[in-house]
Amino acid sequence: MTKIKLGPADFAEREMRGYEVGKRNVCIAKIHGRYKGLDDWCNHAGCLLSGGRIEDNMVVCPCHEVGFDMDTGKNETSPGVCDDQPTVSVEVQDGALVVELPDNT
């Protein structure tokens, strides 16, 4: 696993941002004071989840309204439409967001 520093951990509550990390894009959101992350490319049609919105603990894709749980990546709204979304481990180190990704990304 590789740890990658994204930038300052300065999100407002319910703020969401997308980051390009190597060949991947990750979507990071702050929900109930905690940072959470998923792959940013929706596995349904490739839209960026970071362009969507937060509802409770879900990110809702801007293209087809599929909602993914930010803790588990589970497709909560349209299970027959697409798979669950891979999650990303996020932590704060010295005021910066750090994600842990597999070495092959």
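Q: Is Asn75 buried or exposed?
A: The relative accessible area of Asn75 is 2%. Buried means under 20%, exposed means over 50%, and partly exposed lies in between (1.4 Å probe, protein chains only). So the word for Asn75 is buried.

Q: What pLDDT do local features need in this model?
A: Residues are numbered from 1 along each chain as its sequence is written, and side-chain values use heavy atoms, with hydrogens and water left out. This is a predicted model: totals for chains, interfaces and linings use all residues, side-chain atom pairs count only at pLDDT 80 or more, and local features need pLDDT of at least 70.

Q: Which strands does the loop with Asn75 lie between?
A: Strands (E, at least two residues) and helices (H or I, at least four) are DSSP runs, numbered from the N terminus. The loop that holds Asn75 lies between strand S7 (67-69) and strand S8 (87-93).

Q: Which residue has its backbone oxygen 2.8 Å from the Asn75 side chain?
A: Contact means heavy atoms within 4.5 Å. Leaving aside residues up to four places away in sequence, Asn75 touches Val66, Gly67, Phe68, Cys82, Asp83 and Asp84. A polar atom of the Asn75 side chain also lies 2.8 Å from the backbone oxygen of Ser78.

Q: How many strands does the chain have?
A: Read along the sequence, the pattern is β-β-β-β-β-β-β-β-β. Helices number zero, and the count of strands is nine.

Q: What is the radius of gyration of the chain?
A: The radius is taken over C-alpha atoms, and the globule rule is 2.2 Å times the number of residues to the power 0.38. For 105 residues this rule gives 13 Å, and the chain is close to that, so it is as compact as a globular protein of that length. The C-alpha trace spans about 40 × 30 × 20 Å along its principal axes. The radius of gyration is 13 Å.

Q: What share of the 105 residues is buried?
A: The accessible surface of the chain is about 5,500 Å² (Shrake-Rupley method, 1.4 Å probe; for residues, only the protein chains shown count as cover). Carbon and sulfur atoms own 47% of that surface. Of the residues, the buried share is 44%.

Q: Which residues form an aromatic pair?
A: A search of the whole structure finds one pair. Rings of Phe, Tyr and Trp (its six-membered ring) pair if their centres lie within 6.5 Å; planes under 30 degrees apart count as stacked, over 60 as edge-to-face and the rest as tilted. Here the centres are 5.2 Å apart and the planes meet at 80°, so the pair is edge-to-face. The partners are Phe11 and Tyr35.

Q: How many residues apart are Phe11 and Tyr35?
A: Phe11 is buried at 4% relative accessible area, and Tyr35 is buried at 13%. Phe11 sits in the loop between strand S1 (2-8) and strand S2 (16-21), and Tyr35 sits in strand S4 (residues 34-39). The pair links distant parts of the chain, and the separation is 24 residues.

Q: How far apart in space are Leu48 and Asn25, C-alpha to C-alpha?
A: Leu48 is in the loop between S4 and strand S5 (53-55), and is partly exposed at 33%. Asn25 is among the residues that Leu48 touches. The two are 23 residues apart in sequence, and their C-alpha distance is 8.4 Å.

Q: How much of residues 3-99 is strand?
A: The unreviewed UniProt entry annotates this span as "domain: Rieske". Positions follow the numbering used here, feature names are shortened, and annotations may be inferred rather than shown by experiment. The end C-alpha atoms lie 6 Å apart, helix is 0%, and strand is 47%.

Definitions and conventions:
Polar contact = N/O pair within 3.5 Å; in protein donor to acceptor, adjacent residues only side chain to side chain.
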